[in-house]
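Trainee: I'd like to learn how to read a binding site from a model. Could you walk me through one?

Mentor: Gladly; let's look at it together.

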Amino acid sequence: MKTITIDTTISIYNSTTELNQTEQQLISAAQDASKTAYSPYSNFNVGAAVLLENGTIVTGSNQENAAYPSGLCAERVALFYANAQFPNEAVIGIAIAASNANGWVKTPISPCGACRQVLLETEHRYQQDFYTLLSGESYIYKINAAKDLLPLCFSDENLL
Ligand code: THU
């Protein structure tokens, strides 16, 4: 028997002022987008902002539904829209911000499993790693590649 260990490197920033201007802008866009959430069932507002290679920032927010599984997370709303509107623009980064009844979440929220799978597909589609910024009031996480969020992933390569 052998074991393997998979490491994930996460950078932690204590304030947005430690981020570069583009990253700050992306977090701010994600925060703004969270205000467009349609979340009457969870009262949890999530915003995602996707930076494309041409400099465009595409945003999305969670869209819920009375038939609960029919809703969609902010990350997938933003990424699917970006990929549909700008199919030839690679993704450079994504920022995610969330609030509840008490305001911005203290600790960063991380994309759900289904969203990670979509992040990974986008990374493979454009054959370029992109970063993820997870914004919390207390600190911000930066992960350099979508594949780091989904070890042992299922991908297009498994279909060959
Ligand atoms: N949600 C997101 O939009 N993104 C995440 O990363 C986690 C969860 C949404 C789905 C649902 O509308 C609400 O947050 C509560 O789960």
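Trainee: How do the residues of the lining of the largest pocket divide into nonpolar, polar and charged?

Mentor: First, keep in mind that this is a predicted model. A good habit is to sort a lining by residue class before looking at single contacts. Here the lining has 11 nonpolar residues, 5 polar and 2 charged.

Trainee: How many residues line the largest pocket, and which lie nearest its centre?

Mentor: The lining has 18 residues, and those nearest the centre of the pocket are N62, E64, L72, C73 and A74. As for volume, the largest pocket holds about 220 Å³ of space.

Trainee: Which space does the ligand take?

Mentor: The ligand takes the space of the largest pocket, so we can read the pocket and the ligand shell side by side. A residue belongs to that shell if one of its heavy atoms lies within 4 Å of the ligand.

Trainee: Which residues are around the ligand, then?

Mentor: Going along the chain, they are S42, F44, V46, N62, E64, C73, A74, E75, I109, S110, P111 and C112. By class, this shell comprises 7 nonpolar, 3 polar and 2 charged residues.

Trainee: Which side chains have a polar atom close to an oxygen atom of the ligand, and at what distances?

Mentor: For polar contacts, look for pairs of N or O atoms within 3.5 Å. In the side chain of E75, a polar atom is 2.6 Å from a ligand oxygen. For N62, an N or O atom of the side chain is 3.0 Å from an oxygen of the ligand. The backbone takes part as well: a polar backbone atom of A74 lies 2.9 Å from a ligand oxygen.

Trainee: How much of the ligand does the protein bury?

Mentor: Compare the ligand alone with the ligand in place. Alone, the ligand exposes 370 Å², and the protein buries 74% of that area.

Trainee: What about the backbone: where is a positive phi found in a residue other than glycine?

Mentor: Check the phi angle, then place the residue among the helices and strands. N43, not a glycine, has a positive phi of about 55 degrees, and N43 sits in the loop between α1 (21-34) and β2 (45-52). L152 also has a positive phi, near 55 degrees, and L152 belongs to the segment after β7 (140-143).

Methods:
Residues are numbered from 1 along each chain as its sequence is written. This is a predicted model: local features need pLDDT of at least 70, side-chain atom pairs count only at pLDDT 80 or more; totals for chains, interfaces and linings use all residues. Side-chain values use heavy atoms; hydrogens and water are left out. A polar contact is a pair of N or O atoms within 3.5 Å; within protein, one must be able to donate a hydrogen and the other to accept it, and residues adjacent in sequence count only if both atoms are side-chain atoms. Accessible areas come from the Shrake-Rupley method with a 1.4 Å probe; for residues, only the protein chains shown count as cover. On a 1 Å grid over the protein atoms alone, a cavity is a set of points where a 1.4 Å probe fits but cannot get out, and a pocket is an open set with protein on both sides within 12 Å along at least five of seven lines; lining residues have an atom within 4 Å of a point. A molecule sits in a cavity or pocket if more than half of its atoms lie within 2 Å of its grid points. Ala, Val, Leu, Ile, Met, Phe, Trp, Tyr, Cys and Pro count as nonpolar, Asp, Glu, Lys and Arg as charged, and the others, Gly among them, as polar. Grid points are joined across faces, edges and corners, and a volume is the space filled by probe spheres set on the points. Helices (H or I, at least four residues) and strands (E, at least two) are DSSP runs, numbered from the N terminus.
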